[in-house]
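User: I should like to learn how to read the features of a protein model, one at a time. Please give the general idea where there is one, and then the case at hand.

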Amino acid sequence: MTHPAAADPTAPPIPFRHPEKTMTDSTSAAHSPADNGNLQATRRRLLKTAAAAGVITGAPWVHAQEKIVLRYLGTAVNQDKAIAEKFKADTGIEIQYIPVTTDDVTKRAVTAPNSFDLIDTEYFSLKKIIPTGNLMGMDTKKIKNADKITTLFTKGELNGKKVGDQGTAPKKVMFLEGAKSKAFAKTPTQFMTLIPTVYNADTLGIRPDLIKRPIESWKELLNPEFKGKASILNIPSIGIMDAAMVVEALGLYKYPDKGNMTKKEIDLTIKTLIEAKKAGQFRALWKDFNESVNLMASGEVVIQSMWSPAITKVRSQGIACTYQPLKEGYRAWAAGFGLPSTLSGRKLDGAYQFVNWFLDGWAGAYLNRQGYYSAVLETAKSKMEAYEWAYWMEGKPAEKDIKAPDGSTLEKAGKVRDGGSYEQRLGSIACWNAVMDENEYMVKKWNEFVAA
């Protein structure tokens, strides 16, 4: 949605016009310097009185002095202090993070769209949010690099090859029929639901030094060999997808769509988990990023659901930890920036400025160095050293030690990234995080598993 009063974000700012100077210029020729001084003092008093009464609120000189603060709603994992600081240094616009859980991001979008100026949410949540009309269609004509966003999102393919799309693949919910539409478009349009921020293809994390043999399948998560040393994440909509990958790998059942199970399929999946839990398979069910890091770093757990930055964190402590490619493929996820439909004026311009800045390369390179993937590969590449790009994105052995954004060493020269290149990993996606039609039933059954 374009607000009628919204300025073009690429246009130069309105020049600052000092109110006293403007008023004095119009009368100065008729008065002596002494009179002019008295007039200025009088006018200063009048201006203060008028301002206090709200008479000149909304005048251009008042707006020119207001700094823009964007309230950024999302999960703590994606809210990086370094990104906010760099953006403010580059633009003067302040980011105010509002960290909540994944579920609460969706709840706020549905019930309180005025409580944020920018939302960072997962694509699977859009089936709940878009029908409310609380997010505007993001105008791709205002997004400088919109045409360079990876085809994984816009077409569901990489280099012309189709990628697995069970669950909520971004291409299914990427476009709206119009700026104010509450319905997804079946083909690309001018209006995007979200502009992608970060995405990845998740798999199991393992401690190779403690397992000491090859791990090639999701079914290993429930292998009795790892009784009491396995863990699965306790976020129902994601945990059940990992469980479904295990069920299929065990040969128990083949799902038509792991991201949208029937009640019978949910029952089968949860029954498998409960049996494993009662047999003592799980050391813990983790909900928190740091919890997953600590379980793995301590050696209490040797195989578990894991996220790429958590693997990075364990490795930065000098502990062997592998993001294990598995023959059945990966479970993918993706997040993006959306704008509330009520946003207008300078805040709307500021939000578009942030999104454009985010796609311009610095943030993409910063995220790539943590093991995430960025939406516009070309600009991120321009901000990375050739050896970094070769390691992170091309699956080549590191020519030099690989550093994390904080300067700590992640990998020694000669190492190859888990999962290989961008195309190898993302080309092996089996399913995407999703919200099922039977979501309420699924959560109820998941809670039975947690309580078992």
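User: What share of the contacts in the protein chain with a separation of 6 or more comes from residues 24 or more positions apart?

Analyst: The model is a predicted one. In the protein chain, 69% of the contacts with a separation of 6 or more are made by residues 24 or more positions apart. One such case in sequence terms is Ala-82 and Tyr-366, which lie 284 residues apart along the chain, while their C-alpha atoms are 9.2 Å apart in space.

User: Where is Ala-82 placed, and what is it in contact with beyond its neighbours within four places in sequence?

Analyst: Ala-82 belongs to helix 4, residues 81-91. Apart from those sequence neighbours, Ala-82 is in contact with Trp-362 and Tyr-366. Its relative accessible area is 24%, so Ala-82 is partly exposed.

User: How should the packing of two helices be read, and at what angle do helix 9 and helix 10 pack?

Analyst: Two packed helices are described by the angle between their axes and by the distance between those axes. Here helix 9 (residues 236-249) and helix 10 (residues 263-278) pack at about 85°, and their axes are 10 Å apart. Helix 9 is therefore roughly perpendicular to helix 10, given that 65 to 115 degrees counts as such.

User: Which residues of helix 9 and helix 10 meet?

Analyst: Helix 9 contributes Ile-240, Ala-243, Ala-244 and Val-247, which meet Ile-266, Leu-268, Thr-269, Ile-270, Thr-272 and Leu-273 of helix 10. By class, this contact comprises 8 nonpolar and 2 polar residues, with no charged ones. As a general aid to reading such lists, an α-helix has 3.6 residues a turn, so residues three or four places apart point the same way.

User: Is helix 12 largely enclosed or largely open?

Analyst: Of the 9 residues of helix 12 (residues 308-316), 7 are buried, so this helix is largely enclosed by the rest of the structure. Those buried residues are Ser-308, Pro-309, Ala-310, Ile-311, Thr-312, Val-314 and Arg-315. Their cover includes strand 8, strand 9, helix 11, strand 13, helix 16 and strand 17. Just after helix 12, Gly-318 has a positive phi of about 80°.

User: How many disulfides does the structure hold, and are Cys-321 and Cys-431 buried or exposed?

Analyst: A disulfide is a covalent bond between the sulfur atoms of two cysteines. The structure holds 0 disulfides. Cys-321 has 2% relative accessibility and Cys-431 has 0%, so each counts as buried, the cut-off being under 20%.

How values were computed:
Residues numbered from 1 in each chain as written. Predicted model: local features only at pLDDT ≥ 70, side-chain atom pairs only at ≥ 80, totals over all residues. Heavy atoms only, no water. Axes fitted to C-alpha atoms, helices over the stretch in contact; angles between N-to-C directions. Parallel < 35°, antiparallel > 145°, perpendicular 65-115°, else oblique. Contact = heavy atoms within 4.5 Å. Nonpolar A, V, L, I, M, F, W, Y, C, P; charged D, E, K, R; others polar. Buried < 20%, exposed > 50% of the residue type's maximum accessible area, 1.4 Å probe, protein only. Disulfide = S-S within 2.5 Å.
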